[in-house]
Amino acid sequence: MSSKSSKALPSRMPQRGYFVTDHWKTLALKPLFVLSGGIAGCTAEFFSMPLDTLKVRAMTLSDGKGHHRLPVTSNSNRTLNLFIHTFRNEGLRGFYGGRTGLSAAFQRQTVMASVKFGCYELVKAEYCNLFGVSKDPKHTPVFVKILSSATTGGLAVLIGQPTDVVKVRVQANPDLYRSTLQAYREIHSHEGVTRGLWRGTTPGVLRNMVVNMAEIGLYDIIKGGVLRNNLMEDKWPCFVFCSVCTGIAATIVSSPVDVVKTVYSNSTENEYKGLLDCCQSLWKENGIRSYYRGVGFNGSRLILWNMVMFVSLESLRGQIGRQREKLEVKV
């Protein structure tokens, strides 16, 4: 092999995950890079959905049969009651939102996670160009990472809110629809577009921006600091550590918004006059504690979800990086 050809070979493997901005140089791999977010999101959803289903029912106080008030006397009793009631009446399938719950969850992740996580690097690169700052992940300013994560989080809801509405309805009332297609049709037929399929878009955008800043934005910030200070290597222990930190942060900052979004999305057409009325009703019910319904389920789910999602995403993008190298060598 000539010296010229030798110089064309990459000197080292590219860094993975949210530190692979040069992946976008290979146009043929762009769709895979975006879709990797959806695949990782679906993987995480499969393992964490039982906790997510219990979280939704705890937030709506639903028993899974359309009744919105479980006979419980305390938060601890409610947690135990939800678990026992779901298992006794619906079996293991009940933890996945019945026969259509998993399908609805995968549809949501395929759309939303592809935008939130798959497009994050692309959006961050554009902001770096706009503000004239470094694209080196270890030195990219924090405000760019926060702004990028908020942008992709809000955009994901604007595009995929119908999938979230169907997912919440199916999880809260698993026997209401025979399929997700029926759910989309009936919601559109009876409630329309803005008050039906895109119901709760405002709290959804707010919630997703907050969660995405606490998840991918914070993950990028923490991982950049860890690698910059040589505290850990760019391997799975680092991914797990950073993802656990993001899961805890996401739980703290997102639970109130998540409760409002879930309750409002699952409400009937005339149950609340609007988003503000929903917030006021929750406050009158039990004060600040109303905004942290199901926080145990939500926290456990977010930590588990982030661990599986980021480890899966880093692995997928490592594979994409190796494929990019092969393409560059062939060229």
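1. A residue counts as buried when its relative accessible area is under 20%, as exposed when it is over 50%, and as partly exposed in between. Cys279 has a relative accessibility of 22% and is therefore classed as partly exposed. The structure discussed in this note is a predicted model, and every value below is computed from it.

2. Overall architecture. The protein has twelve helices and zero strands, and its pattern along the sequence is accordingly α-α-α-α-α-α-α-α-α-α-α-α. Of the 331 residues, 52% are buried. Contacts between residues at least 6 apart in sequence are made up, to 77%, of pairs at least 24 apart. The area that the protein exposes is about 15,300 Å², with 62% of it supplied by carbon and sulfur atoms.

3. Confidence. The mean pLDDT of the protein is 80, and 83% of the residues reach 70 or more. Two segments call for caution in reading. Over residues 1-26 the pLDDT stays under 50, and the model has 64 contacts beyond four places in sequence for this segment. Residues 62-74 also have a pLDDT that stays under 50, with 35 contacts beyond four places in sequence.

4. Cysteines. How many disulfides does a search of the whole structure find? The search finds zero. A disulfide requires two cysteine sulfur atoms within 2.5 Å. For Cys278, the closest cysteine sulfur belongs to Cys279 and lies 5.7 Å away, which is too far for a bond. Cys279 is likewise in no disulfide, the sulfur of Cys278 being the nearest cysteine sulfur to its own. As to exposure, Cys278 is buried, with a relative accessible area of 0%, whereas Cys279 is partly exposed.

5. Salt bridges: the pair Lys145 and Asp220. The count of salt bridges comes to nine. In one of them, Lys145 pairs with Asp220, and the closest N and O atoms are 3.7 Å apart. This pair links distant parts of the chain, since Lys145 is in helix 6 and Asp220 is in helix 9 (residues 201-228), 75 residues apart. Both Lys145 and Asp220 are buried.

6. Salt bridges: the pair Asp234 and Lys223. The closest N and O atoms of this salt bridge are 3.0 Å apart. Asp234 lies in the loop between helix 9 and helix 10 (236-266), while Lys223 is in helix 9, so the pair ties together parts that are eleven residues apart in sequence. Asp234 is buried, with a relative accessible area of 18%. Lys223 is buried too, with a relative accessible area of 0%.

7. Salt bridges: the pair Arg293 and Glu285, and a network. Arg293 forms a salt bridge with Glu285, in which the closest N and O atoms are 2.5 Å apart. Are the two partners buried or partly exposed? Arg293 is buried at a relative accessible area of 6%, but Glu285 is partly exposed at 39%. Elsewhere, Glu121, Lys124, Lys145 and Asp220 are joined into one network by salt bridges that share partners.

8. The loop at Tyr177. Tyr177 is located in the loop between helix 6 (142-172) and helix 7 (180-191). The relative accessibility of Tyr177 is 6%, so this loop residue counts as buried. Tyr177 and Thr100 are 77 residues apart in sequence, yet their C-alpha atoms are 7.7 Å apart. Apart from neighbours within four places in sequence, the contacts of Tyr177 include Arg99, Thr100, Arg169, Gln182 and Glu186.

9. The loop at Gly294. Gly294 falls in the loop between helix 11 (275-286) and helix 12 (295-330). At 14% relative accessibility, Gly294 is counted as buried. Which residues does Gly294 touch, not counting those up to four places away in sequence? They are Lys55 and Ala58. Lys55 and Gly294 are 239 residues apart in sequence, with a C-alpha to C-alpha distance of 5.1 Å.

10. Nonpolar surface patch. Leu80, Phe83, Ile84, Phe87 and Leu92 make a nonpolar surface patch of about 510 Å². Phe87, one of these residues, is found in helix 3 (residues 75-90). The relative accessible area of Phe87 is 46%, and Phe87 is therefore partly exposed.

Key: Residues are numbered from 1 along each chain as its sequence is written. This is a predicted model: local features need pLDDT of at least 70, side-chain atom pairs count only at pLDDT 80 or more; totals for chains, interfaces and linings use all residues. Side-chain values use heavy atoms; hydrogens and water are left out. Patches are made of residues with over 30% relative accessible area and no salt bridge: like charges are joined within 9 Å, nonpolar side chains (Val, Leu, Ile, Met, Phe, Trp, Tyr) within 5 Å. Accessible areas come from the Shrake-Rupley method with a 1.4 Å probe; for residues, only the protein chains shown count as cover. A salt bridge is a side-chain nitrogen of Lys or Arg within 4 Å of a carboxyl oxygen of Asp or Glu. Helices (H or I, at least four residues) and strands (E, at least two) are DSSP runs, numbered from the N terminus. Buried means under 20% relative accessible area, exposed over 50%, partly exposed in between (1.4 Å probe, protein chains only). pLDDT is the predictor's confidence in each residue, from 0 to 100. Contact means heavy atoms within 4.5 Å.
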